[in-house]
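Please find below my notes on the model, set out as numbered points for discussion. They should be read alongside the sequence and the coordinates.

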Amino acid sequence: MLRWTVYRRTVELQHTRPRLGRLGCCLLWGVLVSSLSAAQPPISRPADREVVVIRVEQAEVVPGSTASASALLAASRRALASYRESADLRYLGDAQRSLLAISAEERDGFFFLYRAAVRQSLHQFSSAEEDLRKAAASPETRRQARLMQFNIAFVQGHYGSARAACDRLSTDTDLYSASCHAHLRAINDGEGAAAFKDLKQALAGAGLTKLDDSRQWAVATLADIAERHQDLAAAETYWQLALNLEPGNVYSASRLCEVLVLRSKDEAVLALTEGRLSVDNIALCRAKVLSGPEGADLLATLGDRFEEARWRGEFLNKRGYADYLLLADKNHATALKMARENWQSQRELPDARVLRRAEAARP
């Protein structure tokens, strides 16, 4: 059965053919969905470039569906997990469509948690925070909501809010609490080494024989702290461990790739990025170690991909676009503009790195 759906171009959840690659703000994302196949539809391009008409061949659930709320939530959870492993924006559309089919009377903590995850991924942070306050009111989703509140605040550089969310997580000395407190300590000059050591000891005490989300989060936090404080050997070790614990996590793969570039491990970069080029940041990472026709072809592909994203209103990866412009040695003024705009909403270490490069390359 075919459906026709019309979206304004300003809507960012268009279910169109794959434009993969928006990636970021994801350090703690696995905590939200791990406890918890899209077909390629044709698309017509209207003359006024204002309305996009999409023909959807198949849909797991649609608004007005007779599926139960629990089935719709499960479909949304699966879509979010697929997005985490692919950075394919279509899966956010799948998750959104499932959530829209849930009536207001049936919206529980998990509904608000999953909708917040969609909104966070689209940088709709204020809306995500509204949903998280509702999710935090439910005992079943309170802990996950507070983890996500910490993540959103930390990534934006709102460290006071991040500390408040971290303090609300738990009074216990578990790995979730230890990780967020270590991350907050590590942003202060002179405390990075001590924060790294204390979290490493906490992880050793918990052990890695039982793999769960708290251990994955602690490993990724150790990797980020090490990279933040220029211990690239340790950063490589822990990003690699994070990827080993969750091989499908494209965020860990992207961060590991950047460390390998910084360490001039070109062969390792090529091995890591093989088969992952649908994700912009990973493709950009590979392009940094390629030369000759192969490198030129990859940059041309990335250029086409970014232009398509701009036309389709999916232009979320401003850091990636700035990185591409710098790498291709094109329009440094636009690269700086994109890097600065990105910095307003996302302040992770890779964002700072691209911003510094753009400032150094300014005309």
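1. In this predicted model, Cys 257 and Cys 285 form a disulfide, with their sulfur atoms 2.0 Å apart. The link of Cys 257 and Cys 285 is left-handed, with -100° about the S-S bond. Cys 257 belongs to helix H12 and Cys 285 to helix H14, and the pair links distant parts of the chain, 28 residues apart. Both ends of the bond are counted as buried, since Cys 257 has a relative accessible area of 0% and Cys 285 is at 0% relative accessibility.

2. The structure holds two disulfides, and the other one to examine joins Cys 166 to Cys 180, with an S to S distance of 1.8 Å. Here the angle about the S-S bond is 75°, and the link of Cys 166 and Cys 180 is right-handed. Because Cys 166 lies in helix H7 and Cys 180 in helix H8, this pair ties together parts that are 14 residues apart in sequence. Cys 166 counts as buried at 0% relative accessibility, and Cys 180 likewise counts as buried at 0%. With bonded cysteines counted along the chain, the disulfides follow the pattern 1-2, 3-4.

3. Helix H7, which spans residues 159–169, deserves a point of its own, as Ala 162, Ala 165, Cys 166 and Leu 169 are buried in it. Seen down the axis of H7, its buried residues fall within an arc of 100°, and they therefore line one face of the helix. The cover over these buried residues of H7 includes helix H6 (142–156), helix H8 (175–186) and helix H10 (213–228). Helix H8 thus appears in two roles, as part of what covers the buried residues of H7 and as the helix that holds Cys 180, the disulfide partner of Cys 166.

4. Turning to the nonpolar cores, the largest one has 36 residues, and those with the most contacts inside it are Phe 196 and Trp 239. At least two residues of this core are supplied by each of H8, helix H9 (192–206), H10, helix H11 (232–245), helix H12 (250–262), H13 and helix H14 (280–287). Among these contributors, H11 gives the most to the core, with eight residues. A second core, separate from this one, has 30 residues and includes Leu 73, Leu 80, Ala 101 and Ala 145.

5. Which residues does Thr 273 touch, if residues up to four places away in sequence are not counted? Thr 273, which is placed in helix H13, touches Cys 257, Ile 282 and Arg 286. One of these contacts, Cys 257, is also a member of the disulfide with Cys 285. Thr 273 counts as buried because its relative accessibility is 0%, and buried is taken to mean under 20%.

6. Helix H13 covers residues 266–273, and Asp 266 lies in it. Is Asp 266 buried or partly exposed? At 35% relative accessibility, Asp 266 counts as partly exposed, whereas Thr 273, in helix H13 as well, counts as buried at 0%. Asp 266 and Val 289 are 23 residues apart in sequence, and their C-alpha atoms are 5.8 Å apart in space.

How values were computed: Residues are numbered from 1 along each chain as its sequence is written. This is a predicted model: local features need pLDDT of at least 70, side-chain atom pairs count only at pLDDT 80 or more; totals for chains, interfaces and linings use all residues. Side-chain values use heavy atoms; hydrogens and water are left out. Buried means under 20% relative accessible area, exposed over 50%, partly exposed in between (1.4 Å probe, protein chains only). Helices (H or I, at least four residues) and strands (E, at least two) are DSSP runs, numbered from the N terminus. The arc is that of the directions from the helix axis to the C-beta atoms. Contact means heavy atoms within 4.5 Å. A nonpolar core is a set of buried Ala, Val, Leu, Ile, Met, Phe, Trp, Tyr and Cys residues joined through side-chain atoms within 4.5 Å. A disulfide is a pair of cysteine sulfur atoms within 2.5 Å.
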